[in-house]
Amino acid sequence: MKHLNLVALGALVAAYALGPMATQILTPAVPFVHRDFAISMAAAQTLISLAFATIAVMTLVYGPLSDRYGRRPVILAGTMLFCIGSVIAALAPTPELLIAGRMVQAAGSSAGLVLTRTIVHDVYGRERSAKVLAYLTVVMIFVPMLSPLAGGVLLDHVSWRAIFALCAALGAVALSLLAVCLPETHPARVAKLGLRQAFDNFGALLADRRYVGPALFFSFVMATFFVAQAAIPYLIVEVHGGTATEYGVWFAVLCAFYIGGNYASGRWGHLVARSRLIVFSGIGCLVAAIAGLVTVSMFEWNTATLFVPAIALSLFGAIAIAPVQAEAVSAQPERSGSASGLMSGMQMAIGAVAVQVVGFTHDGTPYPMFIALIACAAMALVAYGSVYIAERRVTAPAAA
């Protein structure tokens, strides 16, 4: 198969967007759940952090399953699970059942997060997949871009339960598109599936610096996005007295810059060595996070001083998102499904820890958020440093 038609690509976009959409449309609802159920903010924050932890576990499962049974049936099953979890959460009478439904929803969304990258790699290979992923991400982000705004309107005028009802409806649309339009892209299945084989694949990947560096860079940069999305709604709605709609409008601007970074990567990224582009992205993220901390330390903080550094960080981070994913998944092509799943697991595990740390350290100021952003950006650079240094050592003698 040389390429996917536009309808099949649209089905993939729909499946991939479910996870980010569900997280971003729900994030401004956390303070409302905190108030409605009279639970602590840290407990309400588990709607985000436990969902990330669930995705971290499930992404380790979907990759090997897709290597054994094929991409199509696995992504269909996951999307159906997303719909079921959304319905459970929408009808939940208690916070415990709400969190359980959210975890089922997150488990289902993992399939799209993992298998979109894998399917693109199946069809387009290492060189073309980075460009295709960059362009797809531009399209994928439109649903998450509008999600906080839609969520804010629903929160201000209906209730947080309407958010989960909307998720169920959009999940049903994605499931229908996948069932009708998506072909199987991995006809050569592995002979059998076993835990030992799956863990052997993960072990081989974790022992490969070419995989670990890009995968960790991707995970820590994505953690900066998760931290900002988890902390800013609380600061705006609960502390600053703003509205969920206000958050949604600003978040749409942030997503527009994220789209710009992805488009620039796809359009002009090939003009720069991939490793240099990734390092540039990491440095930009770190500078934006430090600038944000300095700004709120020197001036009275408001919605703009929270969002502007986050917007700059999203722009720089987006530049490397597609190239670094392509680099990680192509490190061991024969394990592309496992590689994609493990990377998503790492992303969500690191994101879950970062979000919950910020949740526990909420003190009514932006300082915990910006400290977490700086830490994540710095660790992303450190993680990729060994790959970049090794590549420089190889290319330096050749240039000489």
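Me: In which helix does T116 lie?
Reply: In this predicted model, T116 falls within residues 95–140. That segment is helix α5.

Me: Is T116 buried or exposed?
Reply: Buried residues have under 20% relative accessible area. The relative accessibility of T116 is 0%, so T116 counts as buried.

Me: Which backbone oxygen lies 2.8 Å from a polar atom of the T116 side chain?
Reply: A polar contact requires N or O atoms within 3.5 Å. The side chain of T116 has a polar atom 2.8 Å from a backbone oxygen, and that oxygen belongs to G112.

Me: How many helices are there in the chain?
Reply: Read along the sequence, the pattern consists of α elements. The chain has zero strands, and its helices number 14.

Me: What is the geometry of the aromatic pair formed by F217 and Y384?
Reply: The structure holds six aromatic pairs. In the pair of F217 and Y384, the centres are 6.0 Å apart and the planes meet at 65 degrees. Planes over 60 degrees apart count as edge-to-face, so the pair of F217 and Y384 is edge-to-face.

Me: How many residues apart in sequence are the parts that this pair ties together?
Reply: F217 is buried at 2% relative accessibility, and Y384 is buried with a relative accessible area of 1%. F217 belongs to helix α9 and Y384 to helix α14, so the pair ties together parts whose separation in sequence is 167 residues.

Me: Which helix holds Y258, the partner of F225?
Reply: F225 and Y258 form an edge-to-face pair, 5.4 Å centre to centre. Both residues are buried. F225 lies in helix α9, and Y258, 33 residues apart from F225, lies in helix α10.

Terms used: Residues are numbered from 1 along each chain as its sequence is written. This is a predicted model: local features need pLDDT of at least 70, side-chain atom pairs count only at pLDDT 80 or more; totals for chains, interfaces and linings use all residues. Side-chain values use heavy atoms; hydrogens and water are left out. Helices (H or I, at least four residues) and strands (E, at least two) are DSSP runs, numbered from the N terminus. Buried means under 20% relative accessible area, exposed over 50%, partly exposed in between (1.4 Å probe, protein chains only). A polar contact is a pair of N or O atoms within 3.5 Å; within protein, one must be able to donate a hydrogen and the other to accept it, and residues adjacent in sequence count only if both atoms are side-chain atoms. Rings of Phe, Tyr and Trp (its six-membered ring) pair if their centres lie within 6.5 Å; planes under 30 degrees apart count as stacked, over 60 as edge-to-face and the rest as tilted.
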